[in-house]
Amino acid sequence: MNLVFIDQAEGHIKKASFEAASYAAQTAALMGTTAEAIVLGTVSDDLTALGRYGITKVHTVADANLNEFDAQVYTQLIAEAVKATGADVLVFANTTTAKAVAPRLSVKLKAGLVSGAVALPDISNGFTVKKSVFSGKAFANIAVTTAIRIIAVNLNAFTIQEVEGSATVVPFTVQPISSKVKVSGVDKITGEVPLGEADIVVSGGRGLKGPENWGLVTELAGLLNAATACSRPVADIHWRPHHEHVGQTGLAIAPNLYIAIGISGAIQHLAGVNRSKTIVVINKDPEAPFFKAADYGIVGDAFEVVPKMIDAVKKMKGIA
Amino acid sequence: MKILVCISKTPDTTAKIAFTDNNTKFATDGIQWIINPYDEWYALVRAIELKEADAGVTIHLVNVGTAESEPIIRKALALGGDAAFRVNTLEEDSYFVAAQIAAIAREGAYDIVFTGKETIDYNGSSIGGMVAELLDLPYISHAVKFDLSGNTATVVREIEGGEETDQVSLPIVVSCQKGMAEQRIPNMKGIMGARTKPLTVSEPVTADILTRVASFDLPPAKAGVKLVSAEHPEELIRLLHEEAKAI
Ligand SMILES: Cc1cc2nc3c(=O)[nH]c(=O)nc-3n(C[C@H](O)[C@H](O)[C@H](O)COP(=O)(O)OP(=O)(O)OC[C@H]3O[C@@H](n4cnc5c(N)ncnc54)[C@H](O)[C@@H]3O)c2cc1C
């Protein structure tokens, strides 16, 4: 049996967890078994809808105390769910929650962990999972040799397969556990598309000359319902906030579309964005290394090209 | 106050990624090795800042690796570690490495164990969490800010689309990323002093190996860029809409 952990924030299932659910269900199909889910905390979304991602049963611990995350408490509860359901594959979306909990569970359950998985397991000879390594510059096929295996699936790496179906929701009873971590505040960046989950990302580099010119990036992003990102020097000189820094030492992202404006495409930048499905580069230097990694490009001055792109998108969307 | 900082050896960020032995081994010829940037820039420098604020802080470093790690350990000592441990073994897998670090940490009874948020080669993000579980300690991952007031740590960590502030009593394990501190360059005094700082080499404890790299692959090469004239950006938008179906 496969068990998927469904991650939630403020009562809503995180988008990445739908991918993880579908991953768990498709892995279960390969293995000739079924996939169930575990949800911690109080959720307002309709959990029976996880059936559409191939989940047959959802175990919930609807305790409001669990809305505050504590890696130790979550580890204990998920381990109990693994034991109770007899799961031998445990799937996570590779979110910050998974990064805190999955390694602990690996120890607790003596279960080999593959974090950053990008494909379904190969079960033709043992149990091998492909993961991203060298910050997106390569893949490693990891053989997991333990009875229970834990897989944390990278965001946007895997295509959801929707099916007909509805999951049954059952309460999972556990002894309450006290937390050693007190959450004293949560700061959400509001009104923006979260970078890690975005389908489209518009990113700016030092070629934009200064923060006063970022309107080009944010306007195009707004029209495309995209998140905004930047190169490392741009964050370092505080033109943009740190959380927008993508690359080898920033966030690694894999959106459907990545539009890079005035970014040279240094190897460390490419490392964090080269898993994007389509890459568009706007750069005035035809020799910029980014063009080698791009699918589409314009050699030209961003200050002339981007306003025309904005006009074209407006026209396409029927905005005057 | 005792802090243990985990230091991993990784290829330089500009290293050419290639594989040998039928794609089962990373090609190390000509590779420059560095301290994993997250370990150096954020975990180690934040520890040094805490020591600068409170002379009662001691910083120990731990590396799990062969003698090839010694230059990066000396560099970390030059930046500001007081003493270092090297567990003399190959890094078999994350669990095996975490078990070695946990053994050193248990022995030294540290108040804080810092790691980087991930290594830039394996991208596992798992050593900190594993060490915390082995030691039965709270774990805060992806910390962007860490402050101490007596025995209580206030840690700001990254969450999807924002940040969360947590209060935790020591001892604690924390993985560090951008925001925690700023990169530093070792000075001459540090480099000279590092030569005589204690570096203790020990043999590994027995631990299981749960995973193994079967092989590596390189991503398929891109087909090549399709260039659109700067005079006609609307053509690019059309291609993105009709051909790439991306917008
Ligand atoms: C250990 C290490 C880790 C690193 N990690 C990262 C990382 O995670 N992420 C990251 O991004 N970088 C990282 N870097 C830095 C990286 O090497 C590059 O320095 C950085 O990515 C360059 O940023 P940039 O492209 O914005 O700026 P530049 O290299 O200055 O490039 C600016 C580009 O803009 C173009 N341009 C200028 N004017 C215009 C115009 N009017 N119109 C159009 N184009 C224009 C130029 O032709 C140029 O290509 C790292 C470096 C090191 C050593």
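**Figure 1. An open sheet of 10 strands contains strands from chains A and B.** In this predicted model, the strand order is 12(A)-11(B)-10(B)-9(B)-12(B)-8(B)-1(B)-6(B)-7(B)-13(B), and the pairing is mixed. Strand 12 of chain A (181-188) and strand 13 of chain B (199-202) stand at the edges; each has a single partner strand, so one side of each is left without a neighbour in the sheet. From one strand to the next, the twist averages 30 degrees.

**Figure 2. Helix 1 of chain B packs on the sheet.** This helix, formed by residues 37-53, touches strand 1 (2-6), strand 6 (58-64), strand 8 (112-116), strand 9 (139-149) and strand 12 (172-176) of chain B. The direction of helix 1 makes about 150 degrees with that of strand 8 of chain B.

**Figure 3. Strands 10 and 11 of chain B run antiparallel.** Eight bridges connect strand 10 (residues 152-159) with strand 11 (residues 162-169) of chain B. Within this pairing, B:Val156 has B:Thr165 of strand 11 as its bridge partner.

**Figure 4. Strand 7 of chain B is largely enclosed by the rest of the structure.** The strand spans residues 83-87, and four of its five residues are buried, which means that the rest of the structure largely encloses it. Strand 6 of chain B is joined to strand 7 of chain B by five bridges, and the two run parallel. In this pairing, B:Asn63 is matched with its bridge partner B:Arg86 in strand 7 of chain B. Between these two strands the chain passes through helix 2 of chain B (residues 70-79), forming a β-α-β crossover that is right-handed. Strand 7 of chain B is also joined to strand 13 of chain B, in parallel, by four bridges. There, B:Phe85 stands opposite B:Thr200 of strand 13.

**Figure 5. Strand 1 of chain A is covered on both faces.** Five of the five residues of this strand (residues 2-6) are buried, so the strand is largely enclosed by the rest of the structure. A:Asn2, A:Val4 and A:Ile6 lie on one side, while A:Leu3 and A:Phe5 lie on the other.

**Figure 6. Strand 1 of chain A pairs in the parallel sense with strand 6 and runs parallel to strand 4 of chain A.** Three bridges link strand 1 to strand 6 (residues 89-93) of chain A, where A:Val91 is the bridge partner of A:Val4. Five bridges join strand 1 to strand 4 (residues 35-40) of chain A, and here A:Asn2 has A:Ala35 as its bridge partner.

Key
Residues numbered from 1 in each chain as written. Chains lettered and ligands numbered in written order. Predicted model: local features only at pLDDT ≥ 70, side-chain atom pairs only at ≥ 80, totals over all residues. Heavy atoms only, no water. Pairing = 2+ DSSP bridges. Axes fitted to C-alpha atoms, helices over the stretch in contact; angles between N-to-C directions. Contact = heavy atoms within 4.5 Å. Buried < 20%, exposed > 50% of the residue type's maximum accessible area, 1.4 Å probe, protein only. Right-handed = clockwise from strand over helix to strand, strands pointing away.
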